[in-house]
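Notebook open, viewer open. I want to go through this one a spot at a time and jot down what I look up.

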Amino acid sequence: MSVLLSGKSGAVQSRKSDADPTQIDESKPVVYFGSFQDMLGKDRLGNIKPRNEWLHAVNWDLVVFDEYHFGAWRESAKELFEGEEEALEREEKLLEDANKLTERVAELQEPLEAETEFLPITTRAYLYLSGTPFKALATGEFIEEQIFNWTYTDEQRAKAEFAANHPGQWNPYGSLPQMRLLTYQMPDELLSIASAGEFDEFDLNEFFAATGTGADAEFKHKDEVQTWLNIIRGQHAAHAVDNLRTGTRPPFPYSDMRLLPYLQHSFWFLPNVAACHAMAKLLAERQNTFWHEYNVVVSAGTSAGIGLEALPPVRAAIGSGFDTKSITLSCGKLTTGVTVKQWSSILMLRNLKSPETYFQAAFRVQSPWALKNPNGDNPNEEEVLKPVCFVFDFAPTRALRQLSEYGIGLSPNEPNPENAVRDLVSFLPVLAYDGANMTQIDAGGILDIAMAGTSATLLARKWESALLVNVDNDTLRRIMDNEEAMKAVERIEGWRALGDNIIETIINKSEKVKELKGKAKSGDISEKEKKELSAEEKEFKSKRKLVQEKLVKFATRIPAFMYLTDFRENTLQDVITKLEPDLFLSVTGLTVADFHLLVRLKVFNTEHMNQAVFAFRRYEDASLSYSGIDSHSGLTRYGLYDTVVEVV
């Protein structure tokens, strides 16, 4: 068996053998690790690198793409080889601009080019791995039968259940730390200089804005950043007075004795290279003697190296981790595919629109740190050095919005979004400092804050998600085998433009692809059939994508219907089928009977529709309340698509 594992540059490290790789015995198991850039990289003449020629001669059984959420294989050559900071910054800017975001979503929804078209490596199968696959899932890149999940929540639940069921035994999940999120509302004098956006949120990118590099780096708001450094040490004078009044001392990161052990080695995620250099320079100034105990590593810019090249200085600063203190400053490097077990906390000091980027960075600190057989007399004993880890965030609304998106994304089959978030926060406690007190926030509170602070544009994206519809072969067969269902889908706007017998074509082509892949596995396939396999696979994926887009386009009509109806405590299904069927027909173009039939055939994913309806109604009510209007006084129940949830 031969397996090729590839990841974004720095995500995996190539392992090279002293033996001649061209003489590999394919009858024996072979596993090769390499970065995507290295394996597909070309020399100056456009030829495959000589050291990698053997990779292209082996017929691999499996190719594993790690860190697939980066989508490196669908980008241009320039983007493949650019630095981590530039790629991250470009993606964030796209998410900030509504027009560019629309273009980006359209680009991501283009039919995927078959791997054989751009990957000059032969293989029988592909496996895609990602810790934050939200974008790939939402755009319908993979259909439901191709997805397997094992999440942070699953891991922590398994850890708790094993401890309860096997007391005193070694827990295989025991070294995996629980994550905790602490958010802090900054004082008014800091908020006033860096507030922006639809809801006047604290803008971390503006607050930590800087220019220059090295000795020339300087913060735009240097005095305020110095104040912030004093705040996280618990040394801010205004807070000291408030503490005397309330008799409490909030747990600021570098002041609370319970937190300090987990800040011995921390990661500070800043907006850009200039901010990283400016922070290192400020921490080194004479007034900041507290910070002089920490080895500060600037892992940003070209001078820090690309990918794994940025890691050695961090490891050197940390050493064993026991008798040193360190702070790693980064704006993109080392935020994915890197394990530094001594990192126990991350300070989020930049705006991030993407949950993928946010949690890829956050989970850098969730790696286990434990000693096996610490006393030398019991190989089954394990001393866990990092039972918990921390995320510190200074833009609360944005942080809780990311958390709610992540929680809902972890539980795609949970009809009630509040339950999905509650499940997550049972293993990822959230504490928020509001300027006076630090309190734990429950799932309902997280959703309220997150959705009241969202925008209509972001909310609309929930209704553009491919997760709302099912287009696997079983679902398509159910439609094709039902004459009334076929008539119903043909009434969806734009369906006829797809051509006659589109569903039958998709199923037939996918069956043919399956047959050809079976022949390929046995090695009994000609070059002509290989080309036919590639063409057929590309065509059926393209046609399936077009069907998916038409169904999603229909789903985007539903928010308009909800906006026009006023039945909040009824399920949307009841409103459609019993209370306002004529309105539904005029808004969506489908009759009640048509829609009901398609739902019954599982064409629409009711769990995700419940989540989208819930977000819409929470946002609508929160927006009206923000304007001083109580649209539905005393409302404690929300009708979702096919269920009603109690809101306390």
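Before the first entry, the cut-off I need: a residue is buried when its relative accessible area is under 20%, exposed when over 50%, and partly exposed in between. I also remind myself that this is a predicted model.

**Entry: threonine 324**

I started with threonine 324, in the loop that runs between helix H14 (311–318) and strand E14 (326–330). Is threonine 324 buried or exposed? Its relative accessibility is 19%, and the limit is under 20%, so threonine 324 counts as buried. Next I followed the side chain of threonine 324, which reaches the backbone oxygen of isoleucine 318 at 2.5 Å. Then I listed the contacts of threonine 324, skipping neighbours within four places in sequence: Gln264, His265, Asn295, Ala317 and Ile318. Ile318 thus turns up in that contact list as well as at the end of the side-chain reach.

**Entry: lysine 281**

I moved to lysine 281, which sits in helix H13 (residues 273–283). Lysine 281 has a relative accessible area of 28%, so I logged it as partly exposed. Which residues does lysine 281 touch once neighbours within four places in sequence are set aside? I found Gly214, Ala215, Asp216, Ala217 and Glu218. I also checked phenylalanine 219: it is 62 residues from lysine 281 along the chain, with the two C-alpha atoms separated by 9.7 Å.

**Entry: cysteines 276 and 331**

How many disulfides are there? The count comes to 0. I wanted the reason for one pair, so I looked at cysteine 276, whose closest cysteine sulfur belongs to cysteine 331 at 4.3 Å, too far for a bond. The cut-off here is sulfur atoms within 2.5 Å. I ran it from the other end too: for cysteine 331 the closest cysteine sulfur is in cysteine 276, again at 4.3 Å and too far. Cysteine 276 is buried, at 0% relative accessible area, and cysteine 331 is buried as well, at 2%.

**Entry: strands around E19**

I then traced strand E19 (residues 430–433), which runs parallel to strand E7 (residues 178–184), with 4 bridges joining them. Which residue of E19 is the bridge partner of tyrosine 184? I noted tyrosine 433. E19 is also joined to strand E20 (residues 438–440), by 3 bridges and in antiparallel fashion. On that side tyrosine 433 has methionine 438 as its bridge partner in E20. So my notes have tyrosine 433 paired with tyrosine 184 and with methionine 438.

**Entry: helices H16, H15 and H11**

I took the ends of helix H16 (residues 396–410): its 15 residues reach 21 Å from first C-alpha to last, close to the 21 Å expected at 1.5 Å a residue. Why did I write down H16 as largely enclosed by the rest of the structure? Because 12 of its 15 residues are buried. Among them are Pro396, Arg398, Arg401, Gln402, Tyr406 and Leu410.

Helix H15 (residues 355–362) got a similar note: 8 of the 8 residues are buried, so H15 is largely enclosed by the rest of the structure. The buried set in H15 includes Glu356, Thr357, Tyr358, Phe359 and Gln360.

For helix H11 (residues 222–232), I listed the buried residues as Val225, Gln226, Thr227, Trp228, Leu229, Ile231 and Ile232. After H11 comes glycine 234, where I read a positive phi near 75°.

**Entry: alanine 158**

Alanine 158 is in helix H8 (residues 152–165). With 13% relative accessibility, alanine 158 counts as buried. Not counting residues up to four places away in sequence, alanine 158 touches Trp150 and Tyr173. I took a C-alpha to C-alpha distance for tyrosine 173: it is 7.1 Å from alanine 158, at 15 residues apart in sequence.

**Entry: whole chain**

Last, the totals. I have 28 helices and 22 strands in the chain. Of its 648 residues, 52% are buried. Among contacts between residues at least 6 apart in sequence, 73% join residues at least 24 apart. The accessible surface comes to about 29,900 Å², and 51% of that belongs to carbon and sulfur atoms.

Methods
Residues numbered from 1 in each chain as written. Predicted model: local features only at pLDDT ≥ 70, side-chain atom pairs only at ≥ 80, totals over all residues. Heavy atoms only, no water. Helix = DSSP H or I, 4+ residues; strand = E, 2+ residues; numbered from the N terminus. Buried < 20%, exposed > 50% of the residue type's maximum accessible area, 1.4 Å probe, protein only. Polar contact = N/O pair within 3.5 Å; in protein donor to acceptor, adjacent residues only side chain to side chain. Contact = heavy atoms within 4.5 Å. Pairing = 2+ DSSP bridges. Areas by Shrake-Rupley, 256 points an atom, 1.4 Å probe, with all protein chains shown as cover. Expected span 1.5 Å × (residues − 1).
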